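Student: Could we go through how the helices pack in this model, and then turn to its pockets?

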Amino acid sequence: MSETAITVESQRLGPADVAHRAPLHRNPRLRALAWRLAPWVLPALLLALWAAGSERGWIAPQILPPPARVLDTFVDLEKSGDLASNTLISLQRVLLGFGAGTLLGFALGAALGLSRTVEAYVLPSFNALVQIPVLGWLPFLLLLVGVGEPLKYILIAHAALVPVTLSTLQGFRQTPATLDEVARVFEYSGWQRIVYLVLPAAVPTLATGVRLAFTKAWLALVVVELVASSEGLGYLIVYGRQLFQLDLVMASVVVVGAIGYAMNRLLDALEARLRRGQPSAFRE
């Protein structure tokens with residue numbers, strides 16, 4: 001069809017009909033919808049394969065229970081209140097540990113970023129200590145604080161401390177030179193330079209570090225509850241494994257993944273909002 005015929009037809013049909021007949025790559029709404037649905041294609045495909053494999057006997061239920069059975073277990077946990085109580089306990093642990101680790105990491109990173117002397121004395125030792133995995137500290141902390149709640153808070157805070165410290169250090173060191181010149185021209189004090197120049201310029205790096213810190217803290221929480229806990233989502237996984245109730249294990253794993261994903265999306269939205277609120281001079 002020639003361009004003249006297309007123009008005549010579009011005038012006859014009207015804008016709504018033309019948008020309805022437009023290809024996907026020319027329709028903004030369909031393209032936006034496709035981008036929103038794209039991340040769910042692979043999970044939906046894996047779920048369909050899981051259900052088909054369980055129904056046709058390709059997957060032994062002793063190895064991987066069918067989705068319907070896992071859903072029934074999830075409903076039973078919800079009705080009994082075990083899911084809510086253990087989820088609240090895990091969230092309390094991760095939020096307290098994450099909050100403490102984030103505050104300490106921000107303070108330490110700021111000290112390292114603002115003082116070359118502190119960096120020279122502290123950073124080498126810090127880099128050496130952070131190479132030890134979280135579980136590497138577990139035997140030592142068990143002797144010091146036992147298997148109670150302080151153990152969990154310390155390990156979760158340690159997991160969050162490292163990325164926040166490093167991102168804060170990097171953010172404080174990447175202030176544009178032009179902004180430093182502005183600070184000298186206006187004779188800013190040290191605190192004014194930090195509040196009005198350094199912190200706004202470091203927002204993207206700090207937000208990335210906080211998001212990574214929460215991911216590390218959430219993983220550390222599950223690991224700690226798997227090893228030394230009688231409550232929480234990690235405990236439900238261990239309890240299900242001990243009783244060979246893999247449906248309970250899978251239901252708990254799904255809840256852990258869903259909460260982690262939801263919190264990550266929440267932090268993404270918060271980061272986007274902070275970046276929108278930045279002056280244009282500080283945006284990447």
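Tutor: Helices α7 and α9 are roughly antiparallel to each other, a term for angles over 145 degrees. This is a predicted model, in which local features need pLDDT of at least 70 and side-chain atom pairs count only at pLDDT 80 or more, while totals for chains, interfaces and linings use all residues. Residues are numbered from 1 along each chain, and side-chain values use heavy atoms, without hydrogens and water.

Student: At what angle do the axes of α7 and α9 cross?

Tutor: Axes are lines fitted to C-alpha atoms, for helices over the stretch in contact, and angles run from 0 to 180 degrees between N-to-C directions. The axes of α7 (residues 116-129) and α9 (residues 149-173) come within 13 Å, and their crossing angle is roughly 150 degrees.

Student: How many residues of the contact of α7 with α9 are charged?

Tutor: Contact means heavy atoms within 4.5 Å, and α7 contributes Arg116, Glu119, Leu123, Phe126 and Asn127, whereas α9 contributes Val162, Thr165, Leu166, Leu169 and Arg173. Asp, Glu, Lys and Arg count as charged, and Ala, Val, Leu, Ile, Met, Phe, Trp, Tyr, Cys and Pro as nonpolar, with the others polar. The contact of α7 with α9 thereby divides into five nonpolar, two polar and, as charged residues, three.

Student: How many nonpolar residues does the contact of α8 with α9 have?

Tutor: The axes of α8 (residues 138-145) and α9 come within 9 Å and cross at roughly 140 degrees. The contact is made by Leu138, Leu141, Leu142 and Val145 of α8 with Pro150, Leu151, Ile154 and Leu155 of α9. By class, there are no polar and no charged residues in the contact of α8 with α9, and the nonpolar ones number eight.

Student: Which element gives the most to the lining of the largest pocket?

Tutor: A pocket is an open set of points on a 1 Å grid where a 1.4 Å probe fits, with protein on both sides within 12 Å along at least five of seven lines, and lining residues have an atom within 4 Å of a point. The lining has 14 residues, with Leu47, Trp50, Val254, Val255 and Ala258 nearest the centre. With six residues, the element that gives the most is α13.

Key:
Helix = DSSP H or I, 4+ residues; strand = E, 2+ residues; numbered from the N terminus. Parallel < 35°, antiparallel > 145°, perpendicular 65-115°, else oblique.
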